[in-house]
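Work through the exercises below with the model open beside you. Try each task before reading its solution.

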There are 2 protein chains.
Amino acid sequence: MSFSIADAAHSAKRAARQVANLSAPQKNQLLADIAQALVANTHSILIANNKDVALGKENGLDEAMLDRLALNAESIQGIADAVLEIAGQEDPVGNIANIKRMPSGIQVGKMRIPLGVIAMIYESRPNVTIDAAALCLKAGNAVILRGGKESLHSNLALAKCIEMALAKQQLDPAAVVVVPDTDRAVMNELMTLNESIDLIIPRGGEGLIRFVSENSRIPVIQHFKGVCHLYVDSAADEAKALALLENGKTQRTGVCNSLETLLVHQDIAPRFLPKAAALLAQHQTLVHACENSISYFNGAQHATKEDWHAEYLAMEIAVKVVVDFDQAIAHIEEYGSGHTEVIVSQDYSKTQAFIRRVDSAVVMANASSRFSDGGQLGLGAEIGISTSKLHAYGPMGAESLTTEKFIVMGDGEVRS
Amino acid sequence: MSFSIADAAHSAKRAARQVANLSAPQKNQLLADIAQALVANTHSILIANNKDVALGKENGLDEAMLDRLALNAESIQGIADAVLEIAGQEDPVGNIANIKRMPSGIQVGKMRIPLGVIAMIYESRPNVTIDAAALCLKAGNAVILRGGKESLHSNLALAKCIEMALAKQQLDPAAVVVVPDTDRAVMNELMTLNESIDLIIPRGGEGLIRFVSENSRIPVIQHFKGVCHLYVDSAADEAKALALLENGKTQRTGVCNSLETLLVHQDIAPRFLPKAAALLAQHQTLVHACENSISYFNGAQHATKEDWHAEYLAMEIAVKVVVDFDQAIAHIEEYGSGHTEVIVSQDYSKTQAFIRRVDSAVVMANASSRFSDGGQLGLGAEIGISTSKLHAYGPMGAESLTTEKFIVMGDGEVRS
């Protein structure tokens, strides 16, 4: 029998009503059952995953892709632990905020409720299947998971574990749909189902995200690239600046919250840049420098306009000397990606102004850009990082998968 | 010189940075200046408006359209007063919520910030030009206003007042763009400018909203129809139920928060429906009744499936007897538009369950659906009512035109 995404979405919408009305303990029990099923079925998950990896090798997937794809007993335990961590978080649904009495006599508040049906479109990593399902269920939503072709066997094996947990709680199996058909046509149809699906979250390359954003009739959370800036102010503590540069650029390079551009105030440049150059040389970092800083770096290349836009995701960095604070802000406005920006400064007013004026999703004073993720910012697990301002901006946890409705309690009041 | 929407949007984006950084008193002064300019220029606004009304008559606009289009000295004073009211509201921008210390030592909070550039696409009412401009400015945004062809002269005269106020405060005139070209091609181009525009809010008929939703590359706030339900429970106070029926259906019919469907529990139907019938007859209301209630109404028509979906916006109502509370909820889930629903009941548990389970934007117990607007719910002026759950759900005030960014204050912490 062939798979119909329209039918699956329609069933997910029905199931969403049931999930929305589960109590916090019921949802947490469901998540605990999923975690248990993952560990209990490690063997069959690994058999499926081996099949994907073997096919991936046949099809010439690169090492990085194969690395993201491969599971082992330890990583499955890690995925299960993450589900239990989500279960342990505060339940976002049902809280009522700000009940106020109006002049008419009615009492008005806002209650947090699930969004409904969320569709995830993602590429190779099979752990996203479980992470996303757990977060969506925690927030009271049904979820449609459309992973990549290269991880299909793994995803279906993981789906089996979710299915067992839903069955154990006698819940509608349509609450979590793992799309078994990775044909592009299915994804294209999915993006038109705005009667059943409330939100699409694409995770993957810029091409995928742009394609979904431009073609979907359903609202999309966009996560484009992270071109994160470190601005070293004239009043910076140099030791802190060096530590934040090292941590932000070199601790892990392939992630969106690593640093890509270093901006240095001209007054501190003669003292700071030699130290920065030594540090970056120590990490074999390729430097793309502006004309006022290139003399400090051995083997640096001249920075072009492309460098100010670049997300290197590698041991590479762009460096620019700025004449003042305002020029640093203007550079970030012009070239930033709305992800994360950091000022290093001991000047109280400048740190305040930076935090107020820069409108990226995460703005920091004297802290590493690498803290810009859901776990480090206190959200628990994250389902993605939004770099557009609608609905959610920055790392998104379970609460970002909910909305608020107005509730009104009256005693027969009418409007005059 | 021909108008370029791409240039205007680009300039608006530049101006948005300036507006975002205005202090609350600066924004409120700007709004006061707009209000003053409106009153001072009443004469020229009316000349322009008379031109629109005359053209409208020539072009055969219907009475209702002409009525929405026409201004007079009193209504201009009313528009100016509304601007002053918005000025008097709390400023949503810059507040910081929930600063927490993380285990790493960093402090993390969320700061409310403007969205950037908002585009309004709307039909005849010229007052939207000023209301929307005032709300967007209050929230620190630039705004692009694309009104209908039939009110173009009025809108341009109103734009002059905004221009004067911006000039008086030495602000970038591009902060408020009134689109002088109502050609469809300009609107179509506007919907592709996702680099400059952050949000589109269409206000008007369902066709317009659907067209924008399905064709825009920019996020859209949807306000589809309001099919509001009044559910009279078996434990209803009959006097309250009658008062809420009368107020909800008859106080004003052409608005989205008026009642369209009455659901009555079968246990109270024999007592309640005769009184409801007398009340509705008194207001010459055409009733579309289910087979279990049609005998109570003189001259009623048999309700069809279309009636359960209908937004009559007239002295017309659909009536259905339900066997129990669950059937009432199921009917609302099936046919509701996500706008506003009301339960009338003295039963504590049922009112609580209704408020919890119904997921429309506004859910009420024992209060009139007519309270479902920004002013009555305590938001001050509203820019629209969202019936989709993303970003905002229900009446949207100035705060709905903002978002939150994460702010991090550290002291040199790095991630290990």
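**Exercise 1. Find how strand 16 of chain A pairs with strand 13 of chain B, and in which sense.**

Solution. Five bridges join these two strands, and they run parallel. Two strands count as paired if DSSP finds at least two bridges between them. Strands (E, at least two residues) and helices (H or I, at least four) are DSSP runs, numbered from the N terminus. For one point along the pairing, take Glu413(A): Ala367(B) in strand 13 of chain B stands opposite. Now swap the chains. Strand 13 of chain A and strand 16 (residues 402-413) of chain B also pair in the parallel sense, over five bridges. Here Ala365(A) stands opposite Met409(B).

The model is predicted: local features need pLDDT of at least 70, side-chain atom pairs count only at pLDDT 80 or more, and totals for chains, interfaces and linings use all residues. Residues are numbered from 1 along each chain as its sequence is written, while chains are lettered from A and ligands numbered from 1 in the order in which they are written.

**Exercise 2. Describe the surroundings of strand 13 (residues 362-367) of chain B.**

Solution. Start with burial. A residue is buried if 20 or more other C-beta atoms lie within 10 Å of its own, exposed if 12 or fewer, and partly exposed in between; C-beta atoms are placed from the backbone. Six of the six residues of strand 13 of chain B are buried, so the strand is largely enclosed by the rest of the structure. Next, look within chain B. Strand 12 (residues 340-344) joins strand 13 through four bridges, running parallel. Ile343(B) has Ala365(B) as its bridge partner.

**Exercise 3. Trace the open sheet that holds strand 13 of chain A and strand 16 of chain B.**

Solution. The sheet has 10 strands, in the order 10(A)-9(A)-11(A)-8(A)-7(A)-12(A)-13(A)-16(B)-2(B)-1(B). Its pairing is mixed. The edges are strand 10 (301-302) of chain A and strand 1 (96-101) of chain B, each pairing on one side only. Inside the sheet, strand 8 (residues 259-265) and strand 11 (residues 316-322) of chain A run parallel, joined by five bridges. His265(A) is matched there with Val322(A).

**Exercise 4. How many residues does each chain bring to the contact, and which element of chain A gives the largest share?**

Solution. Each side counts residues in contact, with C-beta atoms, placed from the backbone, within 7 Å. Chain A gives 59 residues and chain B gives 59 residues. Strand 16 of chain A supplies the largest share of the chain A side, 11 residues. Sort that side by class: 26 nonpolar, 16 polar and 17 charged. Ala, Val, Leu, Ile, Met, Phe, Trp, Tyr, Cys and Pro count as nonpolar, Asp, Glu, Lys and Arg as charged, and the others, Gly among them, as polar.

**Exercise 5. Check the length of helix 5 (residues 73-88) of chain A, then locate its buried face.**

Solution. The expected span is 1.5 Å times one less than the number of residues. For the 16 residues of helix 5 of chain A that gives 22 Å; the end C-alpha atoms are 23 Å apart, which agrees. Ile76(A), Ile79(A), Ala80(A), Val83(A), Ile86(A) and Ala87(A) are buried. Seen down the axis, these fall within an arc of 110° (taken from the directions from the helix axis to the C-beta atoms), so they line one face of the helix. The face turned away carries exposed Glu74(A) and Gly88(A). The cover over the buried residues includes helix 2 (24-40), helix 3 (42-58) and helix 6 (127-138) of chain A.

Note on methods
Two residues are in contact if their C-beta atoms, placed from the backbone, lie within 7 Å.
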